Amino acid sequence: MTILKSYLVFMLSLLVGHHTLYAQDSKSPKEIIQAATKAELAADKNDHTRWRYRDAKRDGTDTVSIVVETDHGSVKRVIMRNGKPLSEAEARAEDERVQQFIHDPEKLAKQKRDGVQDGKNAEELLNMLPEAFIWKLVSEDAQRFTLHFDPNPNFDPPDMQGRVLGTMAGTLVVNKAQNRIETISGKLTRDVTIGWGLFGRLHEGGTFRVERREVAPGLWQIVETRVHIEGKALFFKTIGEQQDEVQTEFTQVPAGTTLEQAAEMSKPLNVPANGAQK
């Protein structure tokens, strides 16, 4: 699990609606964030929805995948590379990879462990959020708050995740009616070194932007992620420093869906019986 991915995950693992209205004259910017933090932690524990969606990623190799989530794990099937559908041979090889994955206990267990760690990191970072920044209310209308955040010089980060968190500055938009974080964008305000620079360095000026949308009544998902961070770090194993990712076509997966069923659901709808893509 990467520190940057943890930071993005904590901002976006928020999935059950809490209808809370804020009034500018009764809550300070920090109080708005504190209330949102409390609601989001509760929301994350209560949502059990699973989704099928299309994931388009540009991180050196442009790929389009279909992802299907289940209670037993997530199936991800590549359906396009560099703007072209997979060839018949490539589609067969991808199907073999998917089948091997869903029948590999070690890989499934690793995916589950990574997910649990993601959740722990997200919760830790979310709890730091009110104190890690100095918050300012930039604007407010009937639908949303727009807040600006800068690093809090008095914030004492407890670990490396907190150190990275404490270098960020940017803008966060909160949906009032559902207490949802709609967008967050920012940049590194200074270099971050890991192990006195021996294990990695993230360079000042790197940017990120994440957008979320309501994909079903009261249910929100990440729809766009853009990360452009210069530097190297050994812990960057699951997220690229240069990444643009867009997620669309969300449909809810029925409860009780098996991995075998998810593997079938991950196939693109325009694939004929022989597996070749139209």
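In the predicted model, the loop between β3 (73-81) and β4 (84-85) contains Asn82, a residue other than glycine whose phi is nevertheless positive, near 50°. The side of the question that concerns solvent is settled by the relative accessible area of Asn82, which is 55%; because exposure is assigned over 50%, Asn82 is classed as exposed.

A positive phi is also found at Glu249, where the value is about 60° although the residue is not a glycine. Whereas Asn82 is placed in a loop, Glu249 belongs to strand β14, which spans residues 242-252. The relative accessibility of Glu249 is 51%, and Glu249 therefore counts as exposed, the cut-off for that class being over 50%.

Among the helices, α2 (residues 29-46) packs with α4 (residues 105-132), the two axes lying 8 Å apart and enclosing an angle of about 165°. This angle makes α2 roughly antiparallel to α4, because angles over 145 degrees are assigned to that class. The crossing in which α2 passes α4 is left-handed. On the side of α2, the contact is made by Lys30, Ile33, Gln34, Thr37, Glu40 and Leu41, which meet Glu123, Leu126, Asn127, Leu129, Pro130 and Glu131 in α4. In terms of residue class, the contact of α2 with α4 is made up of five nonpolar, three polar and four charged residues. Lys30 and Glu40 of α2 are among the residues that take part, as are Glu123 and Glu131 of α4.

Strand pairing was examined for β5, β6 and β7. Strand β5 (residues 133-140) and strand β6 (residues 144-151) run antiparallel and are joined by seven bridges, and the connection from β5 to β6 is a hairpin that passes through three residues. Within this pairing, Glu140 has Phe145 in β6 as its bridge partner. Strand β6 is further joined to strand β7 (residues 168-175) by six bridges, the two strands again running antiparallel. In the pairing with β7, Thr146 stands opposite Val173. Strand β6 is thus bridged to β5 and also to β7, with an antiparallel arrangement in each of the two pairings.

Notes:
Residues numbered from 1 in each chain as written. Predicted model: local features only at pLDDT ≥ 70, side-chain atom pairs only at ≥ 80, totals over all residues. Heavy atoms only, no water. Axes fitted to C-alpha atoms, helices over the stretch in contact; angles between N-to-C directions. Helix = DSSP H or I, 4+ residues; strand = E, 2+ residues; numbered from the N terminus. Parallel < 35°, antiparallel > 145°, perpendicular 65-115°, else oblique. Left-handed = near helix turned anticlockwise from the far one by under 90°. Contact = heavy atoms within 4.5 Å. Nonpolar A, V, L, I, M, F, W, Y, C, P; charged D, E, K, R; others polar. Pairing = 2+ DSSP bridges. Buried < 20%, exposed > 50% of the residue type's maximum accessible area, 1.4 Å probe, protein only.
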